[in-house]
Structures are given as structure tokens and as C-alpha cells.
Amino acid sequence: MQIAIPGKCPKSLLECLHGGIKVVKKFREPDFSCATGFLRLTWGRFSPLKVSMGIPKRQNHKNGVKIGLGELSLVEHALCPLDSRRSLSENLVHSNAYFYTDHNRHQRNAQVRVNAPLGLSASDEFYLWGLLALTCCQQKPTAELFATPHYCLRQLGCINQHGKRGGRQYRKFAESLERLSLVSYSNDAFYDPVRGEHRKVGFGFLSYSLPVNKRSSRAWKIAWDPIFFEFCMSGSQQFRFDLEVYRSLDCASRRLFLLLQKMFSKRLEEARFELRHLAVHVLGFSESLPTKTLMKKCKKTLARLVDSGIIKPSPQFITGKRGGNYRVRVERGAYFATRAEFRLSKDLTSSPLYEPLAAIGLEELAIRRFVRDFDPVLVQEWADITLAAMERKGKKFFRRSPQAYFVDNVQQAAQGNRTPPDWWQELRHSENREKRMGQPASPTPVGEIITQVLGGISGDEAKT
């Protein structure tokens with residue numbers, strides 16, 4: 001049940017309190033969350049506010065993306081084993097399978113193969129879905145995301161402006177990004193939402209480009225695989241979930257949460273699974289574990305989802321006879337009473353363009369104008385050119401200032417009268433050459449470069 005409270009601001013705290021009491025008196029079994037919701041209207045400029053009863057409140061973050069984005073077919077199965085000792089081994093080949101229903105309503109089996117030269121961790125899925133959400137929540141989403149690592153981690157809630165700014169978060173992000181960039185995925189019956197049929201597919205997730213200079217303020221470029229991005233951008237094949245709830249769970253609970261998000265978003269009231277298939281193929285537990293052990297692990301996972309309101313409590317989630325097949329049955333929880341939606345933040349710092357433009361020296365009013373009125377791809381390109389000129393050529397390169405150089409070039413380029421300079425193309429070629437020359441004969445050359453870059457960033461922050 002919901003109560004609509006008018007958004008009229010009370011003139012005093014006493015008037016606010018009386019208003020809250022009037023709302024509470026309308027109900028036989030009063031819920032003082034109504035009065036609390038009314039008190040919150042005291043000095044705000046709000047439209048009519050709805051206060052929900054009986055639904056657990058989700059954590060609200062003023063800054064950062066709140067919604068994760070998932071792909072329907074990928075959440076049907078585990079991308080790698082849960083045990084990091086197995087999943088993080090080099091040249092990992094993970095084979096899996098899941099069931100689907102064809103156009104004739106017949107149950108079929110899809111075979112999956114994931115190749116990960118540097119291994120793949122179950123925690124890497126957080127960065128996969130989080131970065132995908134960051135890309136899609138932009139005003140003009142494209143298959144390329146230009147952002148600094150600090151922006152990505154801040155938006156995903158991994159760091160903030162106060163406590164969590166250490167090098168550990170940067171290092172984990174660097175390692176995950178490297179592993180994800182080398183993964184290749186193949187499926188012999190992947191559902192193609194564009195063509196409306198199951199097809200044999202093979203694709204990667206992402207690739208990236210970053211400056212070699214560890215003190216550079218230039219943005220990183222994260223480019224999504226075109227086939228994978230096409231699947232994810234299809235409205236019929238994507239689903240959205242609360243990223244903060246997802247981040248609060250352990251890796252096994254995260255996987256089941258996403259699968260239930262897919263199933264319960266279709267208005268289903270309950271979901272049923274075969275125990276061993278759920279534990280091994282969906283959650284990623286080892287197939288060699290005995291059924292008794294898998295049952296205990298599944299019960300712990302289900303208990304965590306109960307605590308988060310994702311599924312309803314039950315005295316017996318798992319049923320079956322000893323020596324036979326065990327079944328798992330869960331019911332839709334209060335979490336699904338609200339729908340996760342993308343909402344573009346009006347906060348200027350939520351734009352990935354903010355940090356590069358601030359590094360150039362633009363004031364917030366000018367940054368807001370460029371973010372609002374110009375093509376973000378164009379702004380990002382000339383911000384990168386300007387920052388590269390500041391770092392490589394110094395202030396003597398600019399006739400007036402870096403700010404004037406950036407503003408003039410963006411305005412001229414928007415009219416089709418300006419293209420990137422020749423020195424910029426030469427600089428990009430030289431940076432690629434420096435990367436290749438600096439690569440040792442180890443299987444993780446890119447990871448070492450990223451770790452050095454992020455190590456420099458976290459080190460500079462520690463000094464401040």
C-alpha cells in the first residue's frame with residue numbers, strides 16, 4: 001500500500017510534526033514511517049512523495065550509479081568456478097551448460113565454453129556488469145566508455161571522498177579489467193534478441209586503451225565487443241538490478257540473485273531448480289563435491305538472499321529423498337516490489353567528462369555547458385588532446401592557455417572546421433610503440449602497465 005503525501009513545504013517544524021500525526025491517525029495499525037516520510041519534506045522542493053509500507057528500503061547513494069545492467073543468457077550459468085584457486089589459473093578453459101526452451105516449447109541444452117588466458121574470478125563479474133551500466137546510463141550511450149579509473153571506482157561505490165581511497169581497490173580493478181579484456185566466450189545456442197532466434201556465437205567482452213604515463217590525467221578508453229554490446233543494448237535481452245544490493249552479497253549469492261532477477265522480473269511468483277544443476281552450473285561450485293556438501297552451501301546462499309529480502313523465508317527450501325534428486329524452490333521476495341530504473345543524475349560530477357575537463361582548468365559553469373551542449377565523443381577527444389599537450393609539450397605550447405585551446409578547438413570541430421592535429425596522431429602511434437617495446441616475455445604485460453598506472457594514482461592520493 002502507498003500513501004501520496006503532497007509536496008507542500010511546512011512553515012515550521014511544529015506544523016510538520018502535526019502533519020505527520022494526521023497521516024498516522026488515518027490508519028488502524030499506524031506505521032510511523034509515514035510521519036518520518038512527511039518530516040523529510042520540511043525544507044525540500046519535492047513533487048508528491050510516496051512512502052512505501054512493508055517494503056525494505058534500499059540504500060540511497062547521492063553519487064554513483066545505483067543500477068547494474070545484466071544480459072539474460074549470461075546469467076543462466078557461471079562464467080568460471082567459484083574457487084579462485086581454480087578460476088585464476090592461467091589458460092583457464094571453463095565448460096558449462098544450461099537449459100533453454102526453443103520456439104516449439106521443447107527443452108534444449110546449450111553448451112558454453114569460456115577461455116580465459118589469465119584466468120577469471122567470480123568477483124570480476126561485478127566490474128563487468130558495473131562498467132556496462134556506466135556505459136548505458138550516459139545520455140548518449142555508445143560502445144565506448146571514456147573515463148578515468150577514479151571515476152569508475154567512485155561511481156561503482158568502491159571508493160569515496162573520505163575513507164576508501166587506498167591502492168587495493170585500484171589494484172583489484174586493474175587486475176579484473178585485464179582478465180576481462182582477454183576472455184573469449186562461445187555458446188552453441190545463445191539467444192540473439194535482434195534476430196529473435198538461438199544462434200551459435202563467439203565474442204569477447206571488452207578491450208581498452210590507456211596512457212602509459214602513470215601520472216596522466218587523461219581518460220581511459222573501454223571499448224565493448226560489438227556483438228556483445230548489441231545483445232546487451234537490446235531492450236528485450238537486458239535487465240536491471242540494484243547494484244548496491246548486488247555488491248553487498250558474496251559471489252555465489254550474486255549469481256543466484258541475477259538469475260532470480262531475470263525470472264521474477266517476468267512476474268513469476270516462484271522458481272524451481274534441480275539442486276546439483278543450481279549448485280554446479282549456476283553458482284559455480286565444484287562438481288566433485290558430494291551432494292550433502294552442495295546442499296549446505298546452497299542453504300547458506302539462500303539464507304543470504306532471505307536476509308536481503310530477495311526471496312521469502314521458508315522452513316524448507318530443499319526437498320527430496322536421500323539418494324534421489326533434490327529440488328530447490330524459492331518464492332519472490334519483497335525486493336521485487338519495486339522496479340530498478342536508470343535515472344540520469346543531474347550532479348555534474350556524475351559525468352565521465354567532469355574530471356578531464358576539470359584537469360584542463362575549466363570552471364564548473366563551463367564544464368556544465370560543454371557536457372550539455374556538445375557531442376560527448378567530440379568533447380572527450382579534444383579533452384584528451386589538450387591534456388596530452390599539457391603533459392607532453394608544456395604550457396609554452398599554448399598561445400593563450402589550455403582552456404582557450406580546448407574551447408576554441410571544440411567549437412570549431414563541432415562546426416566541422418577542425419580535425420585532430422598531426423602531432424596527436426604521431427603521439428598515439430608513439431605511445432603504442434612504447435607499450436610494445438616495454439612488454440616483457442611474460443603472459444601479463446598489460447597488467448603490469450595498468451598496475452604501475454594505478455599504483456601511481458593511489459600513491460599520489462595517499463600523499464594528499
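This is a short tour of a predicted model, one selection at a time.

**Stop 1: a hairpin and its neighbour**

Start by selecting residues 184-192, which make up strand S7. Now add residues 197-204, strand S8. The two run antiparallel and are joined by 7 bridges. If you want one pair to look at, pick aspartate 192, which stands opposite glutamate 197 in S8. Together S7 and S8 form a hairpin, with 4 residues between them. Click on glycine 196 in that turn: its phi is positive, at about 70°.

Next, bring in strand S5, residues 107-116. S5 pairs with S7 in the antiparallel sense, over 4 bridges. Here the pair to pick is arginine 113 and, opposite it in S7, serine 186. What holds such strands together? Strands of a sheet pair through backbone hydrogen bonds, and they can be parallel or antiparallel.

**Stop 2: two odd backbone angles**

Most residues other than glycine have a negative phi. Which way does asparagine 91 go, positive or negative? Its phi is positive, near 55°. Select asparagine 91 and you land in the loop between helix H3 (84-87) and strand S4 (92-101). Its relative accessible area is 60%, so asparagine 91 is exposed.

Then hop to arginine 105, in the loop between S4 and S5. This residue isn't a glycine either, yet its phi is positive, about 65°. Arginine 105 counts as exposed because its relative accessibility is 71%.

**Stop 3: an enclosed strand**

Select residues 220-224, strand S10. Why is S10 described as largely enclosed by the rest of the structure? Because 4 of its 5 residues are buried.

S10 has partners to add to your selection. Strand S6 (residues 144-147) runs antiparallel to S10, with 4 bridges joining them. Look there for phenylalanine 146, whose bridge partner in S10 is lysine 221. Strand S9 (residues 206-209) also pairs with S10 in the antiparallel sense, again over 4 bridges. In that pairing, tyrosine 208 stands opposite isoleucine 222.

Keep phenylalanine 146 highlighted and add proline 376, in helix H14 (residues 376-392). The two are 230 residues apart along the chain, but their C-alpha atoms are separated by 9.4 Å. With a relative accessibility of 28%, proline 376 counts as partly exposed.

**Stop 4: a three-stranded sheet**

Now show S12 (270-274), S13 (318-319) and S14 (327-331). These 3 strands form an open sheet in the order S12-S14-S13, with antiparallel pairing. S12 and S13 stand at the edges with a single partner strand each, so one side of each has no neighbour in the sheet. Between S12 and S14 there are 5 bridges. One pair to zoom in on is alanine 271 and its bridge partner in S14, valine 330.

**Stop 5: a buried valine**

Select helix H10, residues 275-282, and find valine 280 in it. Is valine 280 buried or exposed? Its relative accessibility is 11%, so valine 280 counts as buried. Add histidine 77 to the view: these two are 203 residues apart in sequence, and 9.0 Å apart in space from C-alpha to C-alpha.

**Stop 6: a positive patch**

Finish on the surface. Select Lys292, Lys296, Lys297, Lys299, Lys300 and Arg322, which form a positive surface patch. Where does arginine 322 sit? You'll find it in the loop between strands S13 and S14. With 82% relative accessibility, arginine 322 counts as exposed.

Definitions and conventions: Residues numbered from 1 in each chain as written. Predicted model: local features only at pLDDT ≥ 70, side-chain atom pairs only at ≥ 80, totals over all residues. Heavy atoms only, no water. Patch = residues over 30% accessible without salt bridge, like charges linked within 9 Å, V, L, I, M, F, W, Y side chains within 5 Å. Areas by Shrake-Rupley, 256 points an atom, 1.4 Å probe, with all protein chains shown as cover. Salt bridge = Lys/Arg side-chain N within 4 Å of Asp/Glu carboxyl O. Lys, Arg positive; Asp, Glu negative; His and termini not counted. Charge placed at Lys NZ, Arg CZ, Asp CG, Glu CD. Buried < 20%, exposed > 50% of the residue type's maximum accessible area, 1.4 Å probe, protein only. Pairing = 2+ DSSP bridges.
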